[in-house]
Amino acid sequence: SGIIVSNGVLTFNPLRTSYGGQYTCQSVVTSLNISTASVITNVIVQIPTPAVSIIAAIPSQVVQIGSNVTLTCNITLDPSVDSAVMVNTTWIGPGGRIYNGTAPNKNGFSYQSILTLVSLKTTDVGAYNCSVPVTPANSQYIISTTGSAIIQVLAQLVTITATGSPSAGQTYTLRCVGSLVGNTSITPVVSWNNSNGVITNGNGITVSGGNLTFNPIRTSHGGQYTCQSTLNPPLSSTALASMNVVVQVPPPTVTITSTPITTSYYA
């Protein structure tokens, strides 16, 4: 049972939460007709800190702003916790904001809480702490504990802006900027693609850095253009943004000319 009594020594090996309580040592000397004496002591058991880890169900270390992110907090209690306890979770995100995760789902000594970030915003990027307080359900001889784990959620933001006129014959430029939110020291590499693949210079198109310039823009340039923002290792990640280019056809130049008409009359 994990309890050993030997020559007045009471040993708990290992000590379990169920052993918390009041214990009485009673001394009796029957041969000398001495009355019974006893002493009482309380055994207070500290709940061991649970093992806590967070797994991010994302394809890479860096996600894209606007995507969904699922964080799973896995909690494992020490096997010595063999009495009724209450396990709760609190998700604390960037700026100390509280996020609503699921109630811990129990499976033996293991528990799991899930936090889903829907349509990730720039304010959602940062550190997430899964705090796990474990408290006794109904015993005054058990001391509560708290475990925790932290994970960083990193994200790319890709934006496309347009300048100039999309009217055929004019100059039109798409500018793509990729960034790692909250980190200005890392600059992603951007490239442009369309339905034909990677875009290079030619056919009235010039690619320079994140700029895609049509000079002049033609009706054949109409279509969807995608900017790909790539982070190099160790933060290997790709994010995309697209824009439809609709080319305006300028009205045709219409002229009317008149030709004098000579009419002859015969009597």
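A residue is called buried here when its relative accessible area is under 20%, and this cut-off will be needed for several of the rings described below in what is a predicted model.

A pair of aromatic rings is described by the distance of the centres and the angle of the planes. A search of the whole structure finds five aromatic pairs. One of them joins tyrosine 99 and tyrosine 128 in an edge-to-face arrangement, with 5.2 Å from centre to centre and 65° between the planes. This pair links distant parts of the chain, since tyrosine 99 belongs to strand 11 (residues 98-99) while tyrosine 128 belongs to strand 14 (residues 126-136), 29 residues apart. Tyrosine 128 has a relative accessible area of 0% and is therefore buried, and tyrosine 99, with a relative accessible area of 13%, is buried as well.

Another pair to look for in the structure is formed by tyrosine 172 and phenylalanine 214, whose rings are stacked, with 6.5 Å from centre to centre and 25° between the planes. Because tyrosine 172 lies in strand 17 (residues 172-180) and phenylalanine 214 in strand 21 (residues 211-214), the pair ties together parts that are 42 residues apart in sequence. Here, too, the rings belong to buried residues: tyrosine 172 has a relative accessible area of 9%, and phenylalanine 214 counts as buried at 0% relative accessibility.

Aromatic rings can also be followed through a group of residues, for Phe12, Tyr19 and Tyr23 are linked by ring pairs into a cluster.

Key: Residues are numbered from 1 along each chain as its sequence is written. This is a predicted model: local features need pLDDT of at least 70, side-chain atom pairs count only at pLDDT 80 or more; totals for chains, interfaces and linings use all residues. Side-chain values use heavy atoms; hydrogens and water are left out. Rings of Phe, Tyr and Trp (its six-membered ring) pair if their centres lie within 6.5 Å; planes under 30 degrees apart count as stacked, over 60 as edge-to-face and the rest as tilted. Helices (H or I, at least four residues) and strands (E, at least two) are DSSP runs, numbered from the N terminus. Buried means under 20% relative accessible area, exposed over 50%, partly exposed in between (1.4 Å probe, protein chains only).
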